[in-house]
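Thanks, everyone, for making the time this morning. I would like to walk through one model with you, starting from a single residue and working outwards to the whole assembly.

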Amino acid sequence: MAQMTQMKTNRAERGASALSPPSICAICDIYGFKFQSLFFLFLILLSQPLLSAHPQRVVSQTVGTDELLLALADPGQIAALSHISHDAQFSPVAAEARRFPAIKDSDAESVLRYRPDLVLAASFTRPETLALLKRAGVRLVVLDRFDTLEDIYASLRVLGRELGQEARAEALITQCRGRVDALAARLKDVKPVRVLSAGVYPFTSGAGTTFQDLCDHAGALNVATEAGLKGHAPTPSEKLLVWNIEVLVASGDERIRGRLAEIPHYRALPAFKAGRVVTIPGPMMSSISHHRIEAYETLARALHPERFR
Amino acid sequence: MKPRVAVPLLLALLALTFLASLAFGELRLSFGQVLGALTNGTDEVARTVVRDFRLPRALVGLAVGAALGASGVVMQAFFRNPLASPGLLGVSSGGALGAVAVLATGPLFGFAAATLWALPLASVAGAFAATGMVLMLAQRGAGAERLLLSGVALNALLGAGTSFLLTTTAGHFEVNAQILFWLMGGLESRSWEHVWMGVPAILAACLLLLPLGRAMDLLSLGEQSAQSLGVDVRRLRRQLIALSTVLTALATAVAGIVGFVGLVVPHILRLAFGPDHRRLLPYSMLGGAIFLLACDLVTRTFPLGLRLGVVTALIGGPFFLWLLRRPR
């Protein structure tokens, strides 16, 4: 049973207004009834989002929450997406995201500039930013589990509830389950291919990482996990030679092969010499949303082409 | 200690650390396997590990250590200041900034710009620019304090440049990781390309430096005394600064910033064998190589991926403090 996504929410603390009663009275005394009525009209307008049942100005602070928000929200509910949402190097949904504004930076001020009624952030958001957003009294949903698909489904459900889009969330989950089941059926009883997460970044992925989740769904055996590595651990050099690696899986495009060739411990591997390097676009590989399924399918297709004929 | 024991002692220690560098690593190889790998052994894994991983790493470490040791001696003689070192005066920061600039702009031009040879060239250019700047800044008077303060200011300036490039590439994890490599120094993943890139030029610069020992001794008496004893001081200073910069730049280019070697090693050897530069220069080359290989052995046996620059600083830092507190 997968763990449910834990949500940390912060209820709006809207009790304290910036304008205290004496100052309102003073203004009324000076400008009379006309101003007072305008002022109340202004207050009513200001409180509109509060009266509405579901948020209408959602700001997403991370790329992962962009992906979930775009999948569930009505376009009218989205006020802004993360600061790197328009960059295809980071976001698998950059083209769609360009229809919406992107916040200038990832800090609290950039988020609050859009006067959000709901902010989506993640546990890896800077703690200062989270603290400032909480202090600003804005409703905040912080996603903090992304390891497995069940975690992502739980996030989709929570977000669906927040946005009033429960049906859309359930439909997406059903669709995702269908794709994963179809992939599992194709890969039934397949002999797992021994893979290693390789890159210029001197770390590899062991147990409890999104890469492990990718391997679990794509008919791959992560040799780093087999050797007992947990999380993101420094890539060994000499040991790689005895791990019997069949395929290197790298995040990026074809240019990554040239970069790996400069690193002696990859260059020496029979798998590398034989050109057995699978590249998966970075945003797809590191996605913490349902878009991860595309990475499963890409890797499975590359490792077991005979099952896709 | 008597100088005549120095050469055999240092050579023995160098041989020991070099052989240990070939013998120890992630994979446990027997002495026979290591020997077999170096000769005509049939164990494919041992051959690759020893010949393609450990041997180039040890050769690069040896050359970088020798370069930094020699460069330290030269800097101290040049400035007639025991606290001068390539790192303190910003030369290696300049080298790192040059290398980091190439790495950071790599994604802009496709990764072609960040290939193996662009880095050392940029690093050498950066180191020379830094040397030029520190000499210019401290030209008038050239007192020790003025020089060191100029070095501090330049280090801060170059560090800011590097930090700026680090933040502009924050989204590119692999570029960021490579930049951090330069800042913390390290010998892992060194290949034969790095050997060809660094070792011959470092060797040449060291050989050019060795005959200057006597003139450096005379320079330590003061510029005017040296001049009156027949030393072309201006020419000597030009040679010294050029060779020392080349050595520091090449060391930085193939191993990133490795601090404290140039400071610690000459001081230990000066304490042990006296201040004669004719001896101190070759001793510091050997001593630097021994120190660096030993520190690299610590990094590969320590489980948490300790960086070389961290180890040399952990040993060098306390020594520097002791040096400052020592009664004169």
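Leu183(A) counts as partly exposed, because 19 other C-beta atoms lie within 10 Å of its own, whereas a residue is called buried only with 20 or more. I should say at once that this is a predicted model, and that every value I mention is computed from it. Leu183(A) belongs to helix H8 of chain A, which covers residues 166-186. If we set aside neighbours within four places in sequence, the contacts of Leu183(A) are His217(A), Tyr296(A), Glu297(A) and Ala300(A). Arg145(A), by comparison, is 38 residues from Leu183(A) in sequence, and the two C-alpha atoms are 24 Å apart in space.

Let me now turn to how chain A is divided. Domain 1 takes in residues 7-16 and 51-180, while domain 2 runs over 189-308, and the centres of these two domains of chain A, taken over C-alpha atoms, are separated by 30 Å. Between them, 16 residues of domain 1 are in contact with 13 residues of domain 2. On the domain 1 side, the elements that give two or more residues to this contact are helix H3 (63-72) and helix H8 of chain A. By class, that side of domain 1 is made up of 9 nonpolar, 4 polar and 3 charged residues.

For chain A as a whole, there are 15 helices and 11 strands, and buried residues account for 40% of its 309 residues. Of the contacts in chain A between residues at least 6 apart in sequence, 62% join residues at least 24 apart.

What about the nonpolar interior? The largest nonpolar core has 131 residues, and those with the most contacts inside it are Leu299(A), Val64(B), Ala67(B), Ala70(B), Ile202(B) and Leu250(B). Helix H3 of chain B, residues 44-79, supplies the largest share of this core, with 18 residues. Val64(B), again leaving aside neighbours within four places in sequence, is in contact with Gly198(B), Ala251(B), Val254(B), Ala255(B), Val258(B) and Leu292(B). Apart from the largest core lies another, of 40 residues, which includes Leu70(A), Leu81(A), Val93(A) and Ile288(A).

That brings me to the interface between the chains, where 20 residues of chain B are in contact with 21 residues of chain A. On the chain B side, the elements giving two or more residues are H3 and helix H7 (173-184) of chain B, and H3(B) gives the most, with 5 residues. The classes on that side of chain B are 8 nonpolar, 8 polar and 4 charged residues.

Finally, a word on confidence, beginning with the complex, for which the predictor gives an ipTM of 0.78 and a pTM of 0.79. Chain A has a mean pLDDT of 84, with 83% of its residues at 70 or more, and chain B has a mean of 85, with 91% of its residues at 70 or more. Among the elements of chain A, strand E1 (residues 7-10) has the lowest mean pLDDT, 43, and strand E8 (residues 220-222) has the highest, 97. Over residues 1-28 of chain A the pLDDT stays under 50, although the model has 33 contacts beyond four places in sequence for that stretch. Where pLDDT is low, the predicted coordinates should not be read in detail.

Key: Residues numbered from 1 in each chain as written. Chains lettered and ligands numbered in written order. Predicted model: local features only at pLDDT ≥ 70, side-chain atom pairs only at ≥ 80, totals over all residues. Helix = DSSP H or I, 4+ residues; strand = E, 2+ residues; numbered from the N terminus. Buried ≥ 20, exposed ≤ 12 C-beta atoms within 10 Å, placed from the backbone. Contact = placed C-beta atoms within 7 Å. Domains from an automatic or database assignment. Nonpolar A, V, L, I, M, F, W, Y, C, P; charged D, E, K, R; others polar. Core = buried A, V, L, I, M, F, W, Y, C linked by C-beta atoms within 7 Å. pLDDT = per-residue confidence, 0-100.
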